[in-house]
Amino acid sequence: MLKMKNISKVFRTEVVETHALREFNLHVQEGDFVSVTGPSGSGKTTFLNIAGLLETYSSGRYLLDGKDVSNLNDTARSKLRNEKIGFIFQSFNLIPDLNLFDNVDVPLRYRGFNKTERKERIEHSLALVGLSNRMKHLPAQLSGGQQQRVAIARALAGEPRFLLADEPTGNLDSKMAFSVMELLQEINSKGTTIVMVTHDPELAQQAKRNIYVRDGKVSELTDNSGSSEYQEVVNG
Amino acid sequence: MLGTLEMGPIIRSLTRNKTGAVLIALQIAVTMAIVLNAVFIIGERNDLIARVSGVDEANSFQISSTGFASDFNHMQTLEQDLLDIRAIPGVVAVTTINAIPTSGSGWSMSLQTESGENKTDVGTAVYMVDQNGIEALSVELIAGSNFSENEIRYRDGNQEGWPQNIIITKALANDMFPELDYAEVVGKTVYINYTEPMQIIGIIDQLQAPWIGWNKLENAMLSPEHIASGDFSRYFVRTEPGMRDDIMLQVEELLAKRANERLVEGLRSFEEVRERSYSRHEAMIQILFVVMITLVSITGKGIVGLASFNVNRRRKQIGTRRALGASKAQIIRYFMVENFLITTFGIVLGMAMTMGLNMTLVSVFELGRMNLMYLPLGAICFWLLGQLAVFGPAIKAASTPPALATRTV
Amino acid sequence: MFSYYIKLAMLSIKRNPVLSALMVFAIALGIGACMTTITVNYLMSNNPIKSKSDVLFHVQLDNWSPFNAARDPDQPPLQLTWVDANNLQKAGKAFRQAAMARSGGVIQPENPDVKPFQDSFRLTYTDFFTMFNVPFIYGSGWDKQADENAEFVTVLSRRINDEVFGGENSVGKTITIVGQTFRVVGVIDEWHPVPKFFDLNNDDFGEPSALFMPLSLKLPLELPSWGNTNCWKSPEGEGFVAFMNSECVHLQYWVELKDASERDSYLDFVNSYVNEQKELGRFPRPLNNKMSNVQEWLEYNEVVADDAKMMMWLSLMFLLVCLLNTIGLMLSKFMGKSSEIGLRRAVGATKRDLFYQHLVETACIGLAGGLLGLVMSYFGLQGIRLLYGEFADRLTSLDGNMVLLAITISVFATVIAGVYPTWRASSIAPAGQLKSQ
């Protein structure tokens, strides 16, 4: 599903060169649920941005769903994000002026679905997160956990093969965090590949596999499910 | 394809953040009302200015002489002046004249087709000229004949009544005898001062009265006379093309030879005379132009300012949209569509205000009624203005990095 | 606290220099446009002799044709005939009275270095000077005998005295006017009533006249009319005397009464005069005489040009656009500061504190806009002067009143414009903004 080989990302200013990622290698299989942990500044977010095609990388190869994305232009990358990737953000990133229906609608508009299809998908995915009866509400009228559920509904509405979550429970209390995690596991169980960045080791435990990032490199892989492919990945 | 225009969500989003949009729409509406009315007024003034006087505007000038010496012989001076001026090479014709077309001051009389008091009359400007008047004014005699040299009289205040023969403009002929062809008017008798008969001996194509604001501007008559009171005479000179300025100086020099007996004044080209009369209209046009340009740029700046502010405020949102798969073009389109909707609202309001303002101007200042075609044309211009103004901020919005979505700020 | 707010305002303005400049500029443009047109309108509609406005009256007699009125609807002509003006003058029924007319001719200075020139005269009676509070530098008006005996005396304007006599006291000296030797009896100081209320027949805002002389000289010297002449029937007979005795109107007639309450009795006198004339076969129309005080006369003549009024309306709308613009920008600016406002609220600032803080900032911008607007209206007026030439010379000066008005309008307008954004800013919730959005 996702294959990164020797990915490096260098931020340059006039005075310093920062290596956010160096020789980063990772292989995520279809249907996998990988958590990414590591200390602040380790390169977690850079990894997430590159994986989600939000940022470009300096060198290396990145295959998403078997397709090399290195030389794609901005529009093609946008299209790929729209069709293949679903995003869940730490601060939910709902659009405050739009009600839940319109929020979930946002990526579907860019997809170019017709009105009926959009409506079906929005209603379906809001039902999935248990918020069907709140469609006309504004984000501000919901609790944090509910807002994150809306964000998940938005991520799922386009039926992406690959879900990227950035500290999905970071702004939530433990009870709400638990329910969001349950939802993610349920989604994963239906076949959607999930990569989740978190700094919470307890949360990371709930993924199938966990990678630990330090100094822009994958330094450790743990398998929570008993699969045995990881070693291979590390060695490239 | 309409789905990606996002009309519905944009409208719903706008209704939750009305203030900015309403302010822009109001600005557009008021600006539109002012600009369209200004354009309309400019058009009307331009039409006024574009009217032709009938004389050879580029090659004519006037000059006047006032004798003050106690032994000043006016008639002799006048005759000698006419001979001398005519002798200057490049002078086509010269006449004495009491007033200059479009100059602002002159003499008007009423003519009637029947003798007696309380009969319908028609106002006309009176130009007292000699037999060279037609040539000097560069008007065309389209029917009848010119004055003969020996019928030109001196008006020194001691003559009885008016000359026997007059020449009138086609417009005046039509005004007095609407049922006749202008050529048939030649030979008709009209009455001045209720009962004094005068015969129309000729018709000229066109000559404007001195008062540019008069509604009978095209009514003029030529009377075969030299003004001879007050030792004052005014000459109207027509020159060969391109020689006017030289000849103006020569004539001034010629008349000033007797500066100890008379004042030589009022040397002015016809163009200058005309410009002076129309200068208020010209000034109004220029002021309105400045007003329009400033107003449009203020409104444009207002749109840019508010759009930039909105872009900054929504940076996170834009980043999220980009992360969710919006292309740069789609982000640009979002802001363009949003602006289009706001502008449309402003334009609809603006159309009503434009008509309202026009109606007020019509009733208070006797302005003409605006052609309705101004509205759609104005609408197109303001749509363009809006799109142009929002384009910069929209480009800026599109350059928001999608990675902003994952930043927790 | 106030100085703290001023300091905060300055900081805030410095932090958004472009936005602040844009706001100040928008207000300045609006104020500049308004002040320019308001000044022109203010000067056009000025009453130049307020102190006597109620006791000075212009008189109109309806001597017009039996078939149609001189002016619609059924109004008497604006001017009087030579005969009537002189008859009313000679009756002397008012406290002061002056018939007058505009004329002109050649002036030949004694000094051979100054060339002869042509200029305009005002022919009038000596009451003119006292009636209209005309200021003198040298001498005074002529005496009543000069009026009666048509003496060759003249009062010069300051301009002519400067040109002909180099500005020195010329009283007692002589000057040749229309070929006659005149004795100078007085020189008036700069005197430019705007509008030139006593003769609104031409050049409403122009110079009063180059010099003054007794009206009784008009007949013997056959002085021409340089104003408007209107006739409803031609003179009976030919020549100057016939013209002077005709029904043609070309004179103005003003009276000063001791008290505004004498108005009716003077009008009674005028009416009884007209009735006498009717018996002589004149005045074929029904009695329709009119007296107007200065203010009424200015309004009756619609001195304010339509274009000037129209421009004022448009400029007020222009200011409206500028204010809408400012509200928008101000709102943007204050909303952009919402986290700072939230913080201030969180540390204990009340709504009222924040309202004042932002109002001070708004007023600062308004004041700056007003001052810049004044500068702009100065240039606007220079522009008007450039475009309209001489006509606008006396209509384009900013006086203290206008400066005060400009600043008042701008601060007032900006505060009005700023109230909504300020209110919005001060009602930002303390907590909401601290959380990341």
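**Entry 1: the B–A interface**

I started with Asp74(A) and Arg322(B), whose side chains meet in a salt bridge at 2.8 Å, N to O. My rule for a salt bridge is a side-chain nitrogen of Lys or Arg within 4 Å of a carboxyl oxygen of Asp or Glu. Between chain B and chain A the count is 2 salt bridges.

Housekeeping before going on: this is a predicted model, with local features needing pLDDT of at least 70 and side-chain atom pairs counting only at pLDDT 80 or more, while totals for chains, interfaces and linings use all residues. Residues are numbered from 1 along each chain as its sequence is written, chains are lettered from A and ligands numbered from 1 in the order in which they are written, and side-chain values use heavy atoms, with hydrogens and water left out.

Next I looked up polar contacts between chain B and chain A and got 12 residue pairs, both residues at pLDDT 80 or more. A polar contact here is a pair of N or O atoms within 3.5 Å; within protein, one must be able to donate a hydrogen and the other to accept it, and residues adjacent in sequence count only if both atoms are side-chain atoms.

Which helices of chain B each supply at least two residues of the side that touches chain A? They are H1 (7–16), H9 (315–323) and H10 (328–365). H9(B) gives the most, with 6 residues. Helices (H or I, at least four residues) and strands (E, at least two) are DSSP runs, numbered from the N terminus.

By class, I have 7 nonpolar, 11 polar and 7 charged residues on that side of chain B. For the classes, Ala, Val, Leu, Ile, Met, Phe, Trp, Tyr, Cys and Pro count as nonpolar, Asp, Glu, Lys and Arg as charged, and the others, Gly among them, as polar.

In contacts (heavy atoms within 4.5 Å), 25 residues of chain B go with 31 residues of chain A. The area buried between the two chains is about 2600 Å², and carbon and sulfur atoms give 54% of it. Arg16(B), Leu324(B) and Thr406(B) supply 25% of what chain B buries against chain A, more than any other three residues. Buried area is the accessible area (1.4 Å probe) that two parts lose on being put together, summed over both.

I also checked the other chain pairs. Of the 2 pairs of chains in contact, B and C share the most contacts. Chain A and chain C have no contact, and their closest C-alpha atoms lie 8 Å apart.

**Entry 2: Glu225(B)**

Is Glu225(B) buried or exposed? Glu225(B) counts as buried because its relative accessibility is 0%; the cut-offs are under 20% relative accessible area for buried, over 50% for exposed and partly exposed in between (1.4 Å probe, protein chains only). The residue is found in strand S10 (residues 220–227) of chain B.

I then looked for side-chain partners. Glu225(B) makes a polar contact of 2.8 Å with Arg153(B) and another of 2.7 Å with Arg155(B). Not counting residues up to four places away in sequence, Glu225(B) touches several others, including Thr96(B), Met128(B), Ile152(B) and Trp162(B).

**Entry 3: more salt bridges**

The whole structure gave me 45 salt bridges over all chains. In chain B, I picked Asp175(B) and Lys216(B), with the closest N and O atoms 3.0 Å apart. That pair links distant parts of the chain, 41 residues apart: Asp175(B) sits in helix H5 (residues 170–176), Lys216(B) in the loop between S9 (196–204) and S10. Asp175(B) is partly exposed at 25%, and Lys216(B) is partly exposed at 30%.

For a pair within one helix, I took Arg276(B) and Glu272(B), with N and O 3.7 Å apart. Both lie in helix H8 (residues 270–313), 4 residues apart, about one turn of the helix.

**Entry 4: domains**

The assignment, which is automatic or from a database, splits chain C into domain 1 (2–45 + 305–436) and domain 2 (56–300). Their C-alpha centres lie 49 Å apart. I found 5 residues of domain 1 of chain C in contact with 4 of domain 2. The area buried between these domains is about 540 Å², 65% of it from carbon and sulfur atoms. On the domain 1 side, Met44(C), Phe391(C) and Arg394(C) lose the most area, together 71% of what that side buries.

How many salt bridges cross the interface of the two domains of chain C? The rule finds 0, and the count of residue pairs in polar contact, both at pLDDT 80 or more, is also 0.
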